[in-house]
Amino acid sequence: MNTSAPPEHFDVLIVGAGISGLGAAYHLSTQMPGTRFVALESKPTFGGTWVTHRYPGIRSDSDLYTFGYRFKPWTSAPIATADEILRYLGEVIEENRLGEHIRYQHRILSAAWSGTDKRWHLQVRREDTGELLHFSCGFLWMCQGYYQHEQGYTPEWAGMASYQGRIVHPQTWPEDLDYKGKRVVVIGSGATAATLIPAMADDCAHITMLQRSPTYFRTARNLNELADMLRQLELPEAWIHEIVRRKVLFEQGAFAARALREPEAVKQELVGNVRAILGDKVDVDKHFTPHYRPWQQRLAFVPDADLFQAVNRGKASVVTDEIECFTPTGLKLKSGDTLHADIIITATGFKLSPLGDIPFSIDGQPLEFGETVTYRGAMFTGVPNLLWIFGYLRWSWTLRVDLMADFVCRLLQHMKATGAQVVTPQLRPVDAQMPLGPWVAPDNFNPGYLARGMHLLPRQGDAEPWQNTQDYELERKQIPQARLDDGALRFE
Ligand SMILES: Cc1cc2nc3c(=O)[nH]c(=O)nc-3n(C[C@H](O)[C@H](O)[C@H](O)COP(=O)(O)OP(=O)(O)OC[C@H]3O[C@@H](n4cnc5c(N)ncnc54)[C@H](O)[C@@H]3O)c2cc1C
(Lines give C-alpha, C1' and ligand atoms only; values in the text may rest on other atoms or scores of the structure.)
Protein backbone atom coordinates (compact mmCIF):
# COMPACT_ATOMS: atom_id res chain seq x y z
CA MET A 1 0.00 0.00 0.00
CA ASN A 2 1.26 3.47 -0.80
CA THR A 3 1.19 4.77 2.75
CA SER A 4 2.65 8.16 1.89
CA ALA A 5 -0.35 9.15 -0.24
CA PRO A 6 -3.44 10.10 1.78
CA PRO A 7 -6.22 7.51 1.55
CA GLU A 8 -9.29 8.15 -0.52
CA HIS A 9 -11.89 8.72 2.17
CA PHE A 10 -15.63 7.99 2.23
CA ASP A 11 -18.32 8.28 4.89
CA VAL A 12 -19.48 4.75 4.09
CA LEU A 13 -17.71 2.02 2.16
CA ILE A 14 -19.73 -0.95 0.89
CA VAL A 15 -17.89 -4.21 0.20
CA GLY A 16 -19.44 -6.03 -2.78
CA ALA A 17 -21.89 -5.22 -5.56
CA GLY A 18 -24.13 -8.28 -5.31
CA ILE A 19 -27.81 -8.02 -4.43
CA SER A 20 -26.89 -6.87 -0.89
CA GLY A 21 -24.33 -4.24 -1.89
CA LEU A 22 -26.61 -2.74 -4.53
CA GLY A 23 -29.49 -2.64 -2.04
CA ALA A 24 -27.21 -0.90 0.46
CA ALA A 25 -26.17 1.64 -2.19
CA TYR A 26 -29.81 2.31 -3.15
CA HIS A 27 -30.92 2.90 0.44
CA LEU A 28 -27.93 5.12 1.27
CA SER A 29 -28.51 7.28 -1.78
CA THR A 30 -32.26 7.62 -1.18
CA GLN A 31 -32.46 7.71 2.62
CA MET A 32 -29.23 9.63 3.25
CA PRO A 33 -28.64 11.85 0.24
CA GLY A 34 -25.31 13.67 0.41
CA THR A 35 -23.51 10.75 2.08
CA ARG A 36 -20.14 10.17 0.41
CA PHE A 37 -20.05 6.46 -0.29
CA VAL A 38 -18.49 3.91 -2.60
CA ALA A 39 -19.06 0.20 -3.29
CA LEU A 40 -15.89 -1.77 -4.05
CA GLU A 41 -16.36 -4.98 -6.01
CA SER A 42 -13.59 -7.40 -6.96
CA LYS A 43 -15.37 -8.74 -10.04
CA PRO A 44 -15.56 -6.79 -13.31
CA THR A 45 -19.34 -6.53 -12.97
CA PHE A 46 -22.27 -6.49 -10.52
CA GLY A 47 -24.49 -9.37 -9.36
CA GLY A 48 -22.17 -11.55 -7.20
CA THR A 49 -23.81 -14.98 -6.90
CA TRP A 50 -25.64 -14.52 -10.20
CA VAL A 51 -22.40 -13.91 -12.09
CA THR A 52 -20.34 -16.59 -10.37
CA HIS A 53 -22.82 -19.40 -10.99
CA ARG A 54 -23.13 -20.13 -14.70
CA TYR A 55 -24.18 -23.79 -14.71
CA PRO A 56 -27.00 -24.98 -16.99
CA GLY A 57 -30.43 -23.80 -15.88
CA ILE A 58 -29.11 -21.47 -13.11
CA ARG A 59 -32.15 -19.88 -11.47
CA SER A 60 -33.46 -18.61 -8.15
CA ASP A 61 -35.25 -20.96 -5.82
CA SER A 62 -37.08 -18.09 -4.10
CA ASP A 63 -39.85 -16.12 -5.74
CA LEU A 64 -38.64 -12.77 -7.04
CA TYR A 65 -41.54 -10.88 -5.46
CA THR A 66 -39.66 -11.31 -2.19
CA PHE A 67 -36.14 -11.96 -3.52
CA GLY A 68 -36.48 -8.70 -5.44
CA TYR A 69 -36.22 -5.49 -3.45
CA ARG A 70 -39.28 -3.91 -1.88
CA PHE A 71 -38.64 -0.74 -3.93
CA LYS A 72 -38.46 -2.22 -7.43
CA PRO A 73 -41.40 -4.23 -8.77
CA TRP A 74 -40.79 -7.67 -10.20
CA THR A 75 -42.88 -8.10 -13.34
CA SER A 76 -42.21 -11.66 -14.59
CA ALA A 77 -42.61 -15.28 -13.48
CA PRO A 78 -41.67 -15.75 -9.81
CA ILE A 79 -38.70 -18.10 -10.32
CA ALA A 80 -36.10 -16.28 -12.38
CA THR A 81 -32.96 -17.18 -14.31
CA ALA A 82 -29.61 -15.63 -13.40
CA ASP A 83 -29.82 -13.48 -16.54
CA GLU A 84 -33.24 -12.13 -15.54
CA ILE A 85 -31.95 -11.33 -12.05
CA LEU A 86 -28.91 -9.57 -13.54
CA ARG A 87 -31.17 -7.56 -15.86
CA TYR A 88 -33.27 -6.49 -12.85
CA LEU A 89 -30.15 -5.48 -10.89
CA GLY A 90 -28.83 -3.60 -13.93
CA GLU A 91 -32.05 -1.59 -14.01
CA VAL A 92 -31.72 -0.80 -10.30
CA ILE A 93 -28.25 0.63 -10.99
CA GLU A 94 -29.40 2.53 -14.07
CA GLU A 95 -32.62 3.97 -12.63
CA ASN A 96 -30.93 5.17 -9.45
CA ARG A 97 -27.62 6.26 -10.96
CA LEU A 98 -25.72 3.93 -8.66
CA GLY A 99 -23.03 3.29 -11.29
CA GLU A 100 -21.09 6.38 -10.26
CA HIS A 101 -20.70 4.90 -6.75
CA ILE A 102 -19.40 1.47 -7.80
CA ARG A 103 -15.78 0.62 -8.56
CA TYR A 104 -15.26 -2.77 -10.15
CA GLN A 105 -12.07 -4.84 -10.07
CA HIS A 106 -11.27 -3.47 -6.61
CA ARG A 107 -10.52 -6.27 -4.16
CA ILE A 108 -10.26 -5.49 -0.46
CA LEU A 109 -7.17 -7.25 0.88
CA SER A 110 -7.26 -6.10 4.50
CA ALA A 111 -9.24 -3.88 6.85
CA ALA A 112 -7.77 -2.16 9.90
CA TRP A 113 -9.67 -0.01 12.39
CA SER A 114 -7.75 2.89 13.83
CA GLY A 115 -9.08 4.29 17.09
CA THR A 116 -6.81 7.31 16.55
CA ASP A 117 -8.63 8.71 13.53
CA LYS A 118 -11.78 6.61 14.11
CA ARG A 119 -11.72 5.17 10.63
CA TRP A 120 -11.38 1.88 8.84
CA HIS A 121 -8.31 1.71 6.59
CA LEU A 122 -8.55 -0.68 3.67
CA GLN A 123 -5.84 -2.07 1.50
CA VAL A 124 -7.30 -2.61 -1.95
CA ARG A 125 -5.89 -4.22 -5.08
CA ARG A 126 -6.98 -3.25 -8.58
CA GLU A 127 -7.62 -6.61 -10.21
CA ASP A 128 -7.01 -5.20 -13.71
CA THR A 129 -3.72 -3.39 -13.07
CA GLY A 130 -2.42 -4.94 -9.84
CA GLU A 131 -2.11 -1.45 -8.34
CA LEU A 132 -2.41 -1.25 -4.54
CA LEU A 133 -4.68 1.48 -3.20
CA HIS A 134 -5.55 2.86 0.21
CA PHE A 135 -9.14 3.72 1.11
CA SER A 136 -10.55 4.84 4.43
CA CYS A 137 -14.11 5.16 5.66
CA GLY A 138 -16.13 6.05 8.71
CA PHE A 139 -18.50 3.09 8.41
CA LEU A 140 -17.85 -0.26 6.76
CA TRP A 141 -20.88 -2.02 5.33
CA MET A 142 -20.00 -5.65 4.58
CA CYS A 143 -22.07 -7.00 1.68
CA GLN A 144 -19.61 -9.68 0.65
CA GLY A 145 -22.02 -12.60 0.92
CA TYR A 146 -21.17 -15.76 2.85
CA TYR A 147 -19.11 -18.06 0.64
CA GLN A 148 -15.88 -18.06 -1.32
CA HIS A 149 -16.62 -17.10 -4.90
CA GLU A 150 -13.40 -18.54 -6.33
CA GLN A 151 -14.06 -22.17 -5.43
CA GLY A 152 -16.86 -24.43 -4.22
CA TYR A 153 -16.61 -27.17 -1.62
CA THR A 154 -15.66 -30.65 -2.86
CA PRO A 155 -15.05 -33.37 -0.27
CA GLU A 156 -12.01 -35.64 -0.72
CA TRP A 157 -12.94 -39.18 -1.73
CA ALA A 158 -10.60 -42.11 -2.09
CA GLY A 159 -9.50 -42.80 -5.66
CA MET A 160 -10.42 -39.38 -7.06
CA ALA A 161 -7.05 -39.11 -8.79
CA SER A 162 -7.61 -42.40 -10.61
CA TYR A 163 -10.91 -41.28 -12.17
CA GLN A 164 -10.47 -40.80 -15.91
CA GLY A 165 -13.55 -38.69 -16.57
CA ARG A 166 -14.06 -35.05 -15.72
CA ILE A 167 -14.95 -33.78 -12.22
CA VAL A 168 -16.80 -30.47 -12.24
CA HIS A 169 -18.06 -28.26 -9.41
CA PRO A 170 -21.12 -26.23 -10.46
CA GLN A 171 -19.59 -23.04 -9.04
CA THR A 172 -16.69 -23.21 -11.50
CA TRP A 173 -18.53 -24.51 -14.55
CA PRO A 174 -16.16 -24.96 -17.52
CA GLU A 175 -17.48 -23.17 -20.61
CA ASP A 176 -16.20 -25.97 -22.82
CA LEU A 177 -17.97 -28.81 -20.96
CA ASP A 178 -19.60 -31.04 -23.57
CA TYR A 179 -22.09 -33.40 -21.96
CA LYS A 180 -24.03 -34.38 -25.10
CA GLY A 181 -24.60 -38.13 -25.10
CA LYS A 182 -22.52 -38.57 -21.94
CA ARG A 183 -23.31 -40.45 -18.74
CA VAL A 184 -23.35 -37.92 -15.93
CA VAL A 185 -23.56 -38.38 -12.16
CA VAL A 186 -24.48 -35.40 -9.97
CA ILE A 187 -23.41 -35.81 -6.35
CA GLY A 188 -25.88 -33.99 -4.10
CA SER A 189 -29.60 -33.30 -4.08
CA GLY A 190 -29.96 -29.68 -3.02
CA ALA A 191 -31.28 -26.77 -5.09
CA THR A 192 -28.25 -26.84 -7.39
CA ALA A 193 -28.71 -30.51 -8.31
CA ALA A 194 -32.45 -29.96 -8.72
CA THR A 195 -31.70 -27.15 -11.18
CA LEU A 196 -28.89 -28.80 -13.13
CA ILE A 197 -30.50 -32.16 -13.70
CA PRO A 198 -33.63 -31.11 -15.63
CA ALA A 199 -31.59 -28.55 -17.59
CA MET A 200 -29.06 -31.22 -18.73
CA ALA A 201 -31.18 -34.38 -18.82
CA ASP A 202 -32.35 -34.34 -22.42
CA ASP A 203 -28.83 -33.80 -23.77
CA CYS A 204 -27.07 -36.47 -21.70
CA ALA A 205 -27.22 -40.19 -22.36
CA HIS A 206 -28.41 -40.40 -18.77
CA ILE A 207 -28.04 -38.29 -15.64
CA THR A 208 -28.10 -39.73 -12.12
CA MET A 209 -28.64 -37.80 -8.92
CA LEU A 210 -26.57 -39.53 -6.24
CA GLN A 211 -27.55 -38.53 -2.73
CA ARG A 212 -26.48 -39.71 0.68
CA SER A 213 -29.93 -38.90 2.04
CA PRO A 214 -33.14 -37.45 0.61
CA THR A 215 -34.11 -33.75 0.44
CA TYR A 216 -37.54 -32.12 0.65
CA PHE A 217 -38.79 -30.72 -2.63
CA ARG A 218 -41.71 -28.42 -3.16
CA THR A 219 -43.21 -28.06 -6.57
CA ALA A 220 -45.70 -25.76 -8.25
CA ARG A 221 -46.14 -24.02 -11.57
CA ASN A 222 -43.80 -21.12 -12.17
CA LEU A 223 -46.46 -18.46 -12.11
CA ASN A 224 -48.29 -16.36 -9.60
CA GLU A 225 -52.01 -16.40 -10.29
CA LEU A 226 -52.72 -13.36 -8.14
CA ALA A 227 -50.07 -11.32 -9.97
CA ASP A 228 -51.43 -12.38 -13.35
CA MET A 229 -54.98 -11.53 -12.30
CA LEU A 230 -53.99 -8.11 -10.95
CA ARG A 231 -52.17 -7.43 -14.23
CA GLN A 232 -55.37 -8.18 -16.12
CA LEU A 233 -57.03 -5.51 -13.98
CA GLU A 234 -54.27 -3.14 -15.16
CA LEU A 235 -53.15 -2.23 -11.66
CA PRO A 236 -49.84 -0.37 -11.43
CA GLU A 237 -46.85 -2.75 -11.14
CA ALA A 238 -45.84 -1.15 -7.81
CA TRP A 239 -49.21 -2.15 -6.30
CA ILE A 240 -49.01 -5.65 -7.75
CA HIS A 241 -45.51 -6.07 -6.31
CA GLU A 242 -46.61 -5.01 -2.85
CA ILE A 243 -49.82 -7.06 -2.82
CA VAL A 244 -48.18 -10.22 -4.15
CA ARG A 245 -45.22 -9.78 -1.81
CA ARG A 246 -47.55 -9.59 1.17
CA LYS A 247 -49.43 -12.67 0.06
CA VAL A 248 -46.22 -14.66 -0.50
CA LEU A 249 -44.91 -13.61 2.92
CA PHE A 250 -48.21 -14.47 4.58
CA GLU A 251 -48.23 -17.92 3.00
CA GLN A 252 -44.57 -18.56 3.81
CA GLY A 253 -45.13 -17.51 7.41
CA ALA A 254 -48.10 -19.86 7.68
CA PHE A 255 -46.07 -22.68 6.13
CA ALA A 256 -43.08 -22.14 8.45
CA ALA A 257 -45.39 -22.12 11.48
CA ARG A 258 -47.10 -25.32 10.34
CA ALA A 259 -43.75 -27.01 9.66
CA LEU A 260 -42.89 -26.37 13.32
CA ARG A 261 -46.33 -27.13 14.74
CA GLU A 262 -47.16 -30.26 12.78
CA PRO A 263 -43.97 -31.46 11.07
CA GLU A 264 -45.31 -34.94 10.36
CA ALA A 265 -48.38 -33.65 8.48
CA VAL A 266 -46.25 -31.23 6.44
CA LYS A 267 -43.79 -34.03 5.69
CA GLN A 268 -46.57 -36.29 4.43
CA GLU A 269 -47.90 -33.48 2.27
CA LEU A 270 -44.53 -32.70 0.66
CA VAL A 271 -43.66 -36.33 0.09
CA GLY A 272 -47.22 -37.04 -1.09
CA ASN A 273 -46.89 -34.39 -3.80
CA VAL A 274 -43.73 -36.03 -5.11
CA ARG A 275 -45.42 -39.44 -4.99
CA ALA A 276 -48.35 -38.10 -6.98
CA ILE A 277 -46.01 -37.05 -9.80
CA LEU A 278 -43.68 -40.05 -9.80
CA GLY A 279 -46.25 -42.74 -9.10
CA ASP A 280 -44.60 -46.11 -8.53
CA LYS A 281 -41.77 -45.51 -11.01
CA VAL A 282 -39.50 -44.60 -8.13
CA ASP A 283 -39.22 -45.78 -4.54
CA VAL A 284 -40.40 -42.50 -3.01
CA ASP A 285 -39.94 -43.77 0.57
CA LYS A 286 -36.29 -44.44 -0.10
CA HIS A 287 -35.34 -41.52 -2.34
CA PHE A 288 -37.69 -38.66 -1.48
CA THR A 289 -38.55 -39.08 2.20
CA PRO A 290 -36.04 -37.09 4.29
CA HIS A 291 -35.01 -37.98 7.82
CA TYR A 292 -35.15 -34.40 9.13
CA ARG A 293 -38.03 -32.02 9.89
CA PRO A 294 -39.37 -29.95 6.98
CA TRP A 295 -37.75 -26.46 6.99
CA GLN A 296 -34.69 -27.61 8.98
CA GLN A 297 -32.86 -27.11 5.70
CA ARG A 298 -33.87 -24.83 2.88
CA LEU A 299 -36.70 -26.43 0.87
CA ALA A 300 -35.61 -26.92 -2.71
CA PHE A 301 -38.26 -25.56 -5.07
CA VAL A 302 -38.84 -27.43 -8.32
CA PRO A 303 -40.79 -25.20 -10.73
CA ASP A 304 -43.19 -27.03 -13.02
CA ALA A 305 -41.97 -30.34 -11.49
CA ASP A 306 -39.19 -30.32 -14.11
CA LEU A 307 -36.84 -32.53 -12.07
CA PHE A 308 -39.53 -35.18 -11.63
CA GLN A 309 -40.60 -34.97 -15.28
CA ALA A 310 -36.99 -35.77 -16.29
CA VAL A 311 -37.22 -38.86 -14.06
CA ASN A 312 -40.60 -39.76 -15.59
CA ARG A 313 -39.10 -39.48 -19.11
CA GLY A 314 -36.41 -41.96 -18.09
CA LYS A 315 -33.64 -39.40 -18.69
CA ALA A 316 -32.78 -38.97 -15.00
CA SER A 317 -32.73 -41.27 -12.01
CA VAL A 318 -31.98 -41.12 -8.31
CA VAL A 319 -29.64 -43.28 -6.26
CA THR A 320 -29.52 -43.06 -2.47
CA ASP A 321 -26.23 -44.50 -1.29
CA GLU A 322 -22.78 -43.46 -0.11
CA ILE A 323 -19.57 -43.23 -2.07
CA GLU A 324 -17.00 -45.84 -1.18
CA CYS A 325 -14.47 -44.52 -3.69
CA PHE A 326 -13.91 -43.19 -7.17
CA THR A 327 -12.79 -45.73 -9.76
CA PRO A 328 -11.23 -45.05 -13.18
CA THR A 329 -14.72 -45.29 -14.75
CA GLY A 330 -16.99 -43.84 -12.11
CA LEU A 331 -18.01 -44.55 -8.54
CA LYS A 332 -18.10 -47.56 -6.29
CA LEU A 333 -20.85 -47.24 -3.68
CA LYS A 334 -20.99 -48.54 -0.14
CA SER A 335 -23.82 -50.92 -1.11
CA GLY A 336 -21.40 -52.56 -3.54
CA ASP A 337 -23.13 -51.07 -6.62
CA THR A 338 -21.18 -49.10 -9.19
CA LEU A 339 -22.10 -46.04 -11.24
CA HIS A 340 -20.36 -45.45 -14.57
CA ALA A 341 -19.85 -41.83 -15.44
CA ASP A 342 -18.08 -39.80 -18.11
CA ILE A 343 -18.62 -36.66 -16.02
CA ILE A 344 -19.11 -36.33 -12.26
CA ILE A 345 -20.62 -33.09 -10.98
CA THR A 346 -20.01 -32.35 -7.32
CA ALA A 347 -23.04 -30.29 -6.26
CA THR A 348 -21.66 -30.49 -2.73
CA GLY A 349 -21.96 -26.89 -1.64
CA PHE A 350 -19.92 -23.89 -0.66
CA LYS A 351 -16.90 -22.92 1.35
CA LEU A 352 -18.09 -20.57 4.03
CA SER A 353 -16.28 -17.25 3.99
CA PRO A 354 -17.17 -15.02 6.93
CA LEU A 355 -16.17 -11.40 6.30
CA GLY A 356 -14.97 -12.28 2.80
CA ASP A 357 -11.77 -13.92 4.15
CA ILE A 358 -10.42 -10.40 4.66
CA PRO A 359 -7.98 -10.17 7.57
CA PHE A 360 -9.39 -7.62 10.01
CA SER A 361 -7.61 -5.83 12.83
CA ILE A 362 -8.66 -3.37 15.48
CA ASP A 363 -5.94 -0.99 16.66
CA GLY A 364 -3.30 -3.48 15.55
CA GLN A 365 -4.92 -6.55 17.16
CA PRO A 366 -6.16 -9.24 14.73
CA LEU A 367 -9.93 -9.62 14.96
CA GLU A 368 -11.05 -13.13 15.90
CA PHE A 369 -14.53 -12.95 14.47
CA GLY A 370 -15.59 -16.25 16.08
CA GLU A 371 -14.97 -14.75 19.53
CA THR A 372 -17.46 -11.92 19.12
CA VAL A 373 -21.16 -11.94 19.98
CA THR A 374 -23.57 -10.74 17.37
CA TYR A 375 -25.88 -7.75 17.71
CA ARG A 376 -29.03 -8.69 15.72
CA GLY A 377 -27.03 -10.95 13.38
CA ALA A 378 -25.49 -7.87 11.80
CA MET A 379 -22.97 -6.12 14.13
CA PHE A 380 -20.42 -7.61 16.52
CA THR A 381 -19.23 -6.91 20.05
CA GLY A 382 -15.99 -4.93 20.12
CA VAL A 383 -16.09 -4.22 16.36
CA PRO A 384 -16.70 -0.52 15.72
CA ASN A 385 -18.65 0.98 12.82
CA LEU A 386 -19.23 -2.23 10.91
CA LEU A 387 -22.36 -4.05 9.80
CA TRP A 388 -22.68 -7.28 7.79
CA ILE A 389 -25.68 -8.16 5.69
CA PHE A 390 -26.23 -11.86 6.28
CA GLY A 391 -29.65 -12.50 4.79
CA TYR A 392 -32.31 -15.01 5.66
CA LEU A 393 -31.62 -18.65 5.02
CA ARG A 394 -35.23 -19.77 4.76
CA TRP A 395 -36.87 -16.57 3.68
CA SER A 396 -35.57 -14.57 0.74
CA TRP A 397 -32.14 -13.15 1.52
CA THR A 398 -33.11 -9.74 0.21
CA LEU A 399 -35.86 -9.17 2.78
CA ARG A 400 -33.07 -8.64 5.27
CA VAL A 401 -31.19 -6.33 2.91
CA ASP A 402 -34.06 -3.82 2.93
CA LEU A 403 -34.68 -4.26 6.65
CA MET A 404 -31.04 -3.83 7.74
CA ALA A 405 -30.53 -0.96 5.30
CA ASP A 406 -33.29 0.97 7.10
CA PHE A 407 -31.49 0.20 10.35
CA VAL A 408 -28.09 1.40 9.08
CA CYS A 409 -29.60 4.63 7.78
CA ARG A 410 -31.38 5.22 11.11
CA LEU A 411 -28.16 4.47 12.99
CA LEU A 412 -26.08 6.82 10.83
CA GLN A 413 -28.71 9.57 11.12
CA HIS A 414 -28.70 9.15 14.90
CA MET A 415 -24.90 9.42 14.98
CA LYS A 416 -25.00 12.52 12.81
CA ALA A 417 -27.62 14.12 15.03
CA THR A 418 -25.76 13.35 18.26
CA GLY A 419 -22.24 13.97 16.91
CA ALA A 420 -21.13 10.40 17.67
CA GLN A 421 -18.28 9.13 15.50
CA VAL A 422 -18.09 5.56 16.73
CA VAL A 423 -20.68 2.91 17.50
CA THR A 424 -19.59 -0.41 19.01
CA PRO A 425 -21.84 -3.19 20.26
CA GLN A 426 -20.96 -4.20 23.83
CA LEU A 427 -22.41 -6.70 26.29
CA ARG A 428 -23.96 -4.89 29.26
CA PRO A 429 -23.62 -5.98 32.90
CA VAL A 430 -27.13 -7.44 32.58
CA ASP A 431 -25.88 -9.65 29.72
CA ALA A 432 -22.89 -11.02 31.64
CA GLN A 433 -24.46 -14.39 32.50
CA MET A 434 -26.22 -14.81 29.18
CA PRO A 435 -25.66 -18.29 27.68
CA LEU A 436 -24.01 -18.13 24.28
CA GLY A 437 -24.69 -20.48 21.39
CA PRO A 438 -23.67 -20.89 17.77
CA TRP A 439 -24.49 -18.32 15.06
CA VAL A 440 -27.31 -20.55 13.83
CA ALA A 441 -28.65 -23.24 16.18
CA PRO A 442 -28.05 -26.60 14.44
CA ASP A 443 -31.52 -27.88 15.39
CA ASN A 444 -33.00 -24.77 13.78
CA PHE A 445 -31.17 -24.88 10.45
CA ASN A 446 -28.21 -27.05 9.54
CA PRO A 447 -26.83 -27.00 6.00
CA GLY A 448 -23.35 -28.49 5.56
CA TYR A 449 -21.49 -25.26 4.81
CA LEU A 450 -22.66 -23.73 8.09
CA ALA A 451 -21.89 -26.86 10.09
CA ARG A 452 -18.37 -26.97 8.60
CA GLY A 453 -17.64 -23.33 9.38
CA MET A 454 -19.65 -22.58 12.52
CA HIS A 455 -16.49 -22.06 14.62
CA LEU A 456 -15.53 -19.15 12.33
CA LEU A 457 -18.78 -17.31 12.97
CA PRO A 458 -19.80 -15.11 15.89
CA ARG A 459 -21.90 -16.50 18.69
CA GLN A 460 -25.37 -15.41 19.66
CA GLY A 461 -27.11 -14.94 22.99
CA ASP A 462 -30.56 -16.06 24.06
CA ALA A 463 -32.33 -12.69 24.08
CA GLU A 464 -32.76 -9.58 21.97
CA PRO A 465 -30.57 -7.85 20.74
CA TRP A 466 -27.94 -10.59 20.86
CA GLN A 467 -29.77 -13.15 18.74
CA ASN A 468 -29.48 -14.07 15.10
CA THR A 469 -33.07 -15.21 14.92
CA GLN A 470 -33.27 -15.78 11.15
CA ASP A 471 -36.95 -15.03 11.66
CA TYR A 472 -38.25 -12.40 9.27
CA GLU A 473 -41.69 -12.25 10.86
CA LEU A 474 -40.13 -11.35 14.21
CA GLU A 475 -37.46 -9.00 12.84
CA ARG A 476 -39.78 -7.00 10.61
CA LYS A 477 -41.36 -5.80 13.88
CA GLN A 478 -38.26 -5.76 16.11
CA ILE A 479 -35.72 -4.01 13.92
CA PRO A 480 -37.65 -0.85 12.99
CA GLN A 481 -38.30 -0.35 16.73
CA ALA A 482 -34.84 -1.35 17.97
CA ARG A 483 -33.73 1.13 20.62
CA LEU A 484 -30.38 2.73 20.03
CA ASP A 485 -30.07 3.88 23.66
CA ASP A 486 -30.41 0.55 25.50
CA GLY A 487 -26.68 0.38 26.23
CA ALA A 488 -26.03 -2.51 23.81
CA LEU A 489 -24.54 0.02 21.41
CA ARG A 490 -21.79 2.22 22.85
CA PHE A 491 -21.51 5.60 21.13
CA GLU A 492 -18.39 7.78 21.28
C1 LIG B 1 -26.73 -20.74 -6.86
C2 LIG B 1 -27.35 -19.96 -5.75
C3 LIG B 1 -28.70 -19.69 -5.77
C4 LIG B 1 -29.28 -18.96 -4.73
N5 LIG B 1 -30.61 -18.70 -4.78
C6 LIG B 1 -31.17 -18.00 -3.79
C7 LIG B 1 -32.57 -17.71 -3.81
O8 LIG B 1 -33.29 -18.08 -4.72
N9 LIG B 1 -33.09 -17.02 -2.79
C10 LIG B 1 -32.32 -16.59 -1.75
O11 LIG B 1 -32.85 -15.96 -0.85
N12 LIG B 1 -31.00 -16.82 -1.72
C13 LIG B 1 -30.41 -17.52 -2.70
N14 LIG B 1 -29.07 -17.78 -2.64
C15 LIG B 1 -28.26 -17.21 -1.60
C16 LIG B 1 -27.59 -15.99 -2.29
O17 LIG B 1 -26.22 -16.08 -2.23
C18 LIG B 1 -28.13 -14.71 -1.78
O19 LIG B 1 -29.48 -14.68 -1.81
C20 LIG B 1 -27.65 -13.44 -2.48
O21 LIG B 1 -27.51 -13.50 -3.88
C22 LIG B 1 -26.40 -13.03 -1.84
O23 LIG B 1 -26.14 -11.72 -2.22
P24 LIG B 1 -24.98 -10.91 -1.58
O25 LIG B 1 -24.87 -9.64 -2.34
O26 LIG B 1 -25.15 -10.81 -0.10
O27 LIG B 1 -23.68 -11.82 -1.78
P28 LIG B 1 -22.99 -12.31 -3.13
O29 LIG B 1 -23.96 -12.56 -4.20
O30 LIG B 1 -22.11 -13.43 -2.69
O31 LIG B 1 -22.11 -11.07 -3.58
C32 LIG B 1 -21.01 -10.64 -2.81
C33 LIG B 1 -20.13 -9.79 -3.68
O34 LIG B 1 -19.05 -9.31 -2.88
C35 LIG B 1 -17.86 -9.40 -3.62
N36 LIG B 1 -16.73 -9.53 -2.69
C37 LIG B 1 -16.53 -10.51 -1.77
N38 LIG B 1 -15.36 -10.30 -1.13
C39 LIG B 1 -14.83 -9.18 -1.65
C40 LIG B 1 -13.60 -8.45 -1.40
N41 LIG B 1 -12.71 -8.86 -0.49
N42 LIG B 1 -13.38 -7.32 -2.11
C43 LIG B 1 -14.28 -6.89 -3.04
N44 LIG B 1 -15.43 -7.54 -3.33
C45 LIG B 1 -15.70 -8.67 -2.64
C46 LIG B 1 -18.05 -10.66 -4.47
O47 LIG B 1 -17.22 -10.62 -5.62
C48 LIG B 1 -19.52 -10.58 -4.83
O49 LIG B 1 -19.75 -9.93 -6.04
C50 LIG B 1 -28.48 -18.50 -3.67
C51 LIG B 1 -27.12 -18.80 -3.64
C52 LIG B 1 -26.56 -19.52 -4.66
C53 LIG B 1 -25.09 -19.81 -4.61
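## A three-stranded sheet

Thr 327 stands opposite Gly 330 in strand S14. This is a predicted model, and the pair belongs to an open sheet of three strands. Its order is S13-S14-S15, with antiparallel pairing. S13 and S15 are the edge strands, and each pairs on one side only. On average, neighbouring strands of this sheet are turned by 20 degrees against each other, direction ignored.

In general, the side chains of a regular strand alternate between the two faces of the sheet.

## The two hairpins

Start with S13 and S14. S13 covers residues 323–327, and S14 covers residues 330–333. Four bridges join these antiparallel strands. Cys 325 stands opposite Lys 332 in S14. The two strands form a hairpin with two residues between them.

Now follow the chain onward. Three bridges join S14 to S15, residues 338–340, and this pair also runs antiparallel. Gly 330 faces two partners across the sheet: Thr 327 stands opposite Gly 330, and Gly 330 stands opposite His 340 in S15. S14 and S15 form a hairpin too, with four residues between them. In that turn, Gly 336 has a positive phi of about 100 degrees.

## Around the ligand

How many residues surround the ligand? There are 31. The closest are Gly 16, Gly 18, Gly 48, Gly 145 and Trp 397.

Helix H1 (19–31) and strand S4 (106–114) each supply at least two residues of this shell. The largest share, three residues, comes from H1. By class, the shell has ten nonpolar, 17 polar and four charged residues. Glycine counts among the polar residues here.

## Helices H11 and H13

Helix H11 spans residues 397–418, and helix H13 spans residues 472–481. Trp 397, one of the residues closest to the ligand, is thus within the range of H11, residues 397–418. The axes of H11 and H13 come within 10 Å and cross at roughly 15 degrees. Angles under 35 degrees count as roughly parallel, and H11 and H13 are therefore roughly parallel to each other. H11 passes H13 in a left-handed crossing.

Which residues make the contact? From H11 come Leu 399, Leu 403, Asp 406 and Phe 407. From H13 come Tyr 472, Glu 475, Arg 476, Ile 479 and Pro 480. By class, the contact has six nonpolar, no polar and three charged residues.

## Unusual backbone spots

Most residues other than glycine have a negative phi, and most peptide bonds are trans. Two places in the loops depart from these habits.

The peptide bond that joins Glu 464 and Pro 465 is cis, with omega of about 5 degrees. Pro 465 lies in the loop between helix H12 (448–453) and H13. H13 is the helix whose axis comes within 10 Å of that of H11.

Leu 355 is not a glycine, yet its phi is positive, at about 50 degrees. Where does Leu 355 lie? Its place is in the loop between strand S16 (343–346) and strand S17 (360–362). Gly 336, in the turn between S14 and S15, has a positive phi as well, but Gly 336 is a glycine.

Methods
Residues are numbered from 1 along each chain as its sequence is written. This is a predicted model: local features need pLDDT of at least 70, side-chain atom pairs count only at pLDDT 80 or more; totals for chains, interfaces and linings use all residues. Two strands pair if DSSP finds at least two bridges between them. A residue is near a molecule or strand if its C-beta atom, placed from the backbone, lies within 6 Å of it. Axes are lines fitted to C-alpha atoms, for helices over the stretch in contact, and angles run from 0 to 180 degrees between N-to-C directions. Angles under 35 degrees count as roughly parallel, over 145 as roughly antiparallel, 65 to 115 as roughly perpendicular and the rest as oblique. A crossing is left-handed if the near helix is turned anticlockwise from the far one by less than a right angle, and right-handed if clockwise. Two residues are in contact if their C-beta atoms, placed from the backbone, lie within 7 Å.
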